[in-house]
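User: Could you walk me through this model? I'd like to go over the strands and then the ligand site.

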Amino acid sequence: MILDLYQEKVEKKKAGWKQRVEALTAQNEQLLVEQAAEMRRSKEEAQQWDREKSKMLELFSNRLDALHNHQATTLQELQMARQEVGKVQEMLMANSQQQQEVTEEAACSKSNLPLEGAKARLEELKETLYQREREITELLETERSPIPPLPRPPCGVLLPSVIHKAHAICSSVPETRTLLDQLTEENRVGLADARKKLDCLRRNQENSKDSEDQEDSDEHESMSSLLQEAVREYEVAQMALDCIRTGKSPLIKDCDAASELEDALGQGTSAGQQLLFLQEQLKQVKEEKKTVIENYTTERTMRKKYYNMVEDMKGKIRVFCRIRPVGRAEAAQGGAAAVKKIDEYSVAVETPRGPREFLFDKVFSGDASQEELFRDTNRLIQLAMDGYNVCIFAYGQTGSGKTFTMVGDKDQKNPGIIPRAFNAIFDMMQENNTKFDFKVSSYMLELYNDRLQDLLVSPAGEASARPHSHGQARRVEIKRNRKGVVFARGAETKEASSAQELYALFQQACANRHISATKMNVESSRSHLIVSVTVESRNLTNGSVSTGKLSLVDLAGSERAAKTGAKDHQLKEANSINKSLSALGDVISALSAELPHVPYRNSKLTQVMQDSLGGNAKTLMIVNISPSEYNLDETLTSLIYATRVKAITNSAQRNVESKEIAQLKEVIMKLRSGQTVEEEDA
Ligand SMILES: Nc1ncnc2c1ncn2[C@@H]1O[C@H](COP(=O)(O)OP(=O)(O)OP(=O)(O)O)[C@@H](O)[C@H]1O
């Protein structure tokens, strides 16, 4: 039994071992396969490396060949240069000996031939060296060595890269080192010799200063300069050899080339000074440019101002342009600005075809206050007081700020032109009440769906005042007097004795006006508002009477139904507004083109504005525009219209009558209304 159990256990273990052996054998086989694959890969890699190596060796040997060739040429060059220097040296020595003989024996052989020969040789030497420099530079260029961007000065014979190359050769080839030592030694001797000769010549020159004649002195001079030149050549060669030995590049200030370079830049100043001088000049030029631009801008602005003044004198309609600040809805659309005020008189619009500039009598940007705008408008109020027919009207697309400009904001924290004009009229009256007797009266109308409505009569009040009219409002008609001044027949004209009273009338009118919310403006005017204030002033001294009429018009804005979201009755309103504005556009076009026929009769709006456009009035148009790209098309249309309006000429005349005519008119009025007239009145 125990034996059986033992046998079973052994059998189990045996089976386990067998399994493990099998697994290990399989693992071993797998590893052998992997090893074989790894060996194959290594072999391939080794072959690849071998290929790369032979390629590199080939490349390297090519480079070495090139280097050897180059080395040989440079060595040859150096030897040639040495020979040339030697030749010059010989010539100089010969010449110096000759010179000494000349000085000692005072011989009269004054031939310049050896000198000329030496000079020529030197020139030749220079030329050969330059030639080599060029060749070496080209060679270096092909080897992608840094090439100096500017033509080098004479000392550039030893270009840094050439020096490095030569240094490399000297370091690797022992024979060249010996040769370099030999050259350096020879050059040192030559330099010492040349310096000695120069000293000797100078001393001789000093000693024989008084005795020698002009010719001798000239000869000495040229000899001296020749020797100086030779010394310089030796010094340059010395420096070159030193550089080749050390491998350091020559510093430009170490050689005469620096002074030559300075001479080229300017007399006696260093390159640094030159640079400072040029910087100073540049600064000055920039300053001058700035001043010129400033002067130009001032001059341009002045020119526009005087142009506008002249135009005004000619009777041209004045046009102001007011850019509204970016609105909340526009900001939500991205708020990209397409309009920019350039200066006091011009505005630029970024169109798809590039920027377009428009010129006006004044341009107000988004941050211009109501006070600022009114300051430039006040003059016209004075003209109305003086008996002129004055019209101020706001034009522009819906939501561009016409009502804000003419009326102001809702709570009147920023009152517009209309309330300010009321105050100005009564202020002026106050100032002149000792000289004049004033009378102010006003009618206020709206043109809604092509019907003129009297805003001083509320529909409810009208119905109770005229019970038999069957709901029909009183008919208001536009007429013109003999002088061409427009008036509204049938409109309620009310007198006002103070600005507050007049403003109360205006508030009453506004309450009757048609306003509703559109997608473009929460309080969009759905009608054209016409506020007419007549100021009659009787001169207390001569009894003459002047009558000025101030028309303040807030037009409804042109709109595109798709943009405003107008439907049903709002669409009808919009069509009517657009129709009347289109008729206004036709009148403007005809007037600006000076056509014989002006289609005033096409719309009630153009009839209301007949005296203001091309008639007996001093007129100011305020074109309101949005700054944003979203409204670019409408802005461009408005500005083009406004530019046309600027070309229209009015002929404003003062409405003044003598005392007698004024009295007679009064009599007629009394008789017409059935009153009795006293004989002395007549
Ligand atoms: N210069 C401005 N400064 C501040 N807010 C302005 C200015 N101009 C216009 N706004 C504001 O822009 C909005 C639209 O202006 P406004 O009602 O005057 O336009 P509108 O041209 O009269 O439009 P519509 O033709 O539809 O009546 C208003 O909320 C107004 O307060």
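Analyst: Let me begin with one residue pair: Lys-340 has Ala-348 in β3 as its bridge partner. Residues are numbered from 1 along each chain as its sequence is written. This is a predicted model, in which local features need pLDDT of at least 70 and side-chain atom pairs count only at pLDDT 80 or more, while totals for chains, interfaces and linings use all residues.

User: Which helix packs on the sheet, and which strands are touched?

Analyst: Helix α18 (residues 632-646) packs there, touching β2, β3 and β4, where contact means C-beta atoms, placed from the backbone, within 7 Å. The direction of α18 makes about 140° with that of β3, with axes as lines fitted to C-alpha atoms, for helices over the stretch in contact, and angles running from 0 to 180 degrees between N-to-C directions. Helices (H or I, at least four residues) and strands (E, at least two) are DSSP runs, numbered from the N terminus.

User: And how do β2 and β3 pair?

Analyst: β2 (residues 339-343) and β3 (residues 346-351) pair in the antiparallel sense over 4 bridges, pairing being defined as at least two DSSP bridges between two strands. A hairpin through 2 residues joins β2 to β3.

User: Switching to the ligand, how many residues surround it?

Analyst: The ligand is surrounded by 19 residues, the closest being Gly-401, Thr-403, Phe-404, Ser-524 and Gly-557; a residue is near if its C-beta atom, placed from the backbone, lies within 6 Å.

User: Which elements give two or more residues to that shell?

Analyst: Those are α11 (402-406) and β13 (524-525), and the largest share, 3 residues, comes from α11.

Note on methods. Contact = placed C-beta atoms within 7 Å.
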